[in-house]
Amino acid sequence: MSDALAAALRAGRFVHVVELVASRLRREAQVLDVAGRLAGLPEVVAGSITSYAGGAIGHDPIRVGTAARARGLTPNIHLTCVSQDRRGLRKTLEDLHALGIENVFALTGDYPQGSEPGQPPPVFDLDSVQLVRMIADMRRAGMPFHISVAVSPFKYVEADCVYQYLKLEKKIAAGADLAITQVGWDARKLRELTRYLDLRGLRTPVLGNVYVLGKRPAERMAGGQPPGCRVSPALLAAVREESAARDGGRRARLERAARTVAVLRGLGYAGAYIGGTHDAEEVGWIIRRGAELAPQWEELAAELSYGAPDGFYLYEAPRRPGGGAAASSSPTSAHPFVPRILDTLGRLFPVRRDTALRRVLTRFFAWADRRPPVARALERAELLVKKPLFGCQACGNCVLGDLEYVCPQTCPKQMRNGPCGGTSLGRCEVLDRPCTWVGVYERARATGRVDDLRGYIPPPDRSLQGTSSWINYFLERDSRPGR
């Protein structure tokens with residue numbers, strides 16, 4: 001039972017996975033009743049059980065998933081990094097293994113709702129790439145997990161878009177078995193993702209998100225909630241018009257979902273990830289109708305065009321004012337002089353390999369480390385230099401040289417391997433400011449080093465917070481690439 005999703009993907013079947021939102025707004029018994037009904041649909045190979053959907057705590061996904069399996073539905077458990085440190089995440093994975101649940105959807109997770117300024121920030125000990133690597137390590141130790149990850153092709157500035165694909169590559173390299181797209185209604189972007197994977201020689205199967213969009217969810221998404229789910233003004237207008245029908249727009253939204261399934265079939269996706277409905281009859285109708293419409297997929301793809309008219313498309317020439325895509329979202333961050341100066345200093349005074357200079361500095365920092373007042377003075381001096389230049393947060397595990405001299409700790413989720421899926425037009429989902437990762441990308445693009453952003457950045461050693469990263473680096477105590 002638990003490997004039905006992996007088995008269907010290996011067999012090359014076009015699969016259907018249905019999202020079950022285990023929120024506090026819905027009684028657990030209702031969710032499980034839906035699971036039992038979905039289990040009766042032979043085309044549905046799994047139910048994806050949410051955790052922290054939209055940043056709000058819900059029912060325990062492990063308990064719901066275990067009960068759903070008892071009703072005949074293979075569970076795919078959402079595992080988010082929200083408010084769990086790496087020990088807690090490992091314990092959750094051990095519990096899943098003990099229960100015989102193999103399918104895990106590894107996510108960073110939405111920023112918790114109701115987080116107040118001045119309060120301790122929520123825990124994001126790992127990001128999704130680091131979580132995938134943890135799960136893959138446990139798999140190599142004998143726990144047969146099947147790992148799903150998220151990707152959002154529906155990004156309309158260059159930095160957001162390209163970084164989503166770079167981050168997907170990191171997830172695949174870390175051990176991901178399946179990718180699932182974020183919510184969106186743009187066939188050009190769906191095609192863009194498959195083309196990117198093909199050109200990179202990546203054969204990881206992808207499920208396209210098919211959301212049954214009613215008026216209220218459309219209005220929320222048009223306003224940016226949940227983060228990363230985009231409804232364009234044109235689509236919102238269409239949904240509002242459809243909702244005036246006698247059936248409240250039900251037939252129209254089911255038809256749009258079925259047409260999206262047909263487009264996914266035509267584009268070569270491995271399957272459809274259906275959300276926005278807990279009605280098994282609606283799900284069955286969408287699946288059957290999607291199969292019927294599959295021969296018309298190219299015509300339907302032309303209609304599925306609710307992107308950004310002036311947005312960035314990776315394989316299309318940018319249009320100029322009057323219809324021009326914004327290739328950049330943070331021009332001021334592109335100035336390459338800071339990384340170039342520091343790179344030049346690194347070449348003139350090499351310390352990343354065994355040199356006479358490195359040995360001298362290692363002896364000096366070892367001496368300083370044995371004298372706490374000197375070590376504290378070094379940490380304060382380091383912060384005095386690095387905070388105004390790079391936004392340093394004194395994590396003690398400096399990776400500035402791997403991220404174009406932009407401190408990843410300035411990201412509210414403290415991610416180290418790229419932006420989350422919640423960015424919108426280069427803006428952070430949590431704070432009203434440009435996304436930290438836009439600055440990283442723009443500098444890398446300006447210096448011709450975008451390929452370097454594919455490198456894996458390990459999680460920091462949190463015990464080093466507030467200590468000198470200079471000392472930690474030379475004494476080989478920190479957590480960084482290559483260690």
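Rings of Phe, Tyr and Trp, the last taken by its six-membered ring, are paired if their centres lie within 6.5 Å, and a pair counts as edge-to-face if the planes are over 60 degrees apart. In this predicted model, the structure holds eleven such aromatic pairs. One of them joins F364 and F365 in an edge-to-face arrangement, with 5.1 Å from centre to centre and 70° between the planes. The two partners differ in their surroundings, because F365 is buried at a relative accessible area of 7%, whereas F364, at 38% relative accessibility, counts as partly exposed. Both residues belong to one aromatic cluster, which F364 and F365 form together with W367, Y473 and F474.

Aromatic rings also take part in contacts with charged side chains, and two arginines are listed here with the rings they cover.

| Charged residue | Ring | Distance to ring centre |
|---|---|---|
| R133 | Y456 | 3.7 Å |
| R195 | Y315 | 4.3 Å |

In the second of these contacts, the charged end of R195 sits over the ring of Y315, while in the other R133 lies over the face of Y456.

Turning to the strands, β4 spans residues 103-107, and five of its five residues are buried, so this strand is largely enclosed by the rest of the structure. In a regular strand the side chains alternate between the two faces of the sheet. Both faces of β4 are covered, with N103, F105 and L107 buried on one side and V104 and A106 buried on the other. Strand β4 pairs with strand β3, residues 75-80, in the parallel sense over five bridges, and within this pairing V104 of β4 is the bridge partner of I77. Between β3 and β4 the chain passes through helix α4, residues 86-99, and the resulting β-α-β crossover is right-handed. Strand β4 also pairs in the parallel sense with strand β5, residues 146-151, here over four bridges, and A106 stands opposite V149 in β5.

A helix offers a further example of an enclosed element. Of the eleven residues of helix α16, residues 436-446, nine are buried, so that α16 is largely enclosed by the rest of the structure. The buried residues of α16 are T436, W437, V438, G439, V440, Y441, E442, R443 and A444, a list that includes the charged residues E442 and R443. Helix α16 is followed by G448, whose phi is positive, near 70°.

Technical notes: Residues numbered from 1 in each chain as written. Predicted model: local features only at pLDDT ≥ 70, side-chain atom pairs only at ≥ 80, totals over all residues. Heavy atoms only, no water. Phe/Tyr/Trp six-rings, centres within 6.5 Å; stacked < 30°, edge-to-face > 60°. Buried < 20%, exposed > 50% of the residue type's maximum accessible area, 1.4 Å probe, protein only. Lys NZ or Arg CZ within 6 Å of the ring centre and 35° of its normal. Helix = DSSP H or I, 4+ residues; strand = E, 2+ residues; numbered from the N terminus. Pairing = 2+ DSSP bridges. Right-handed = clockwise from strand over helix to strand, strands pointing away.
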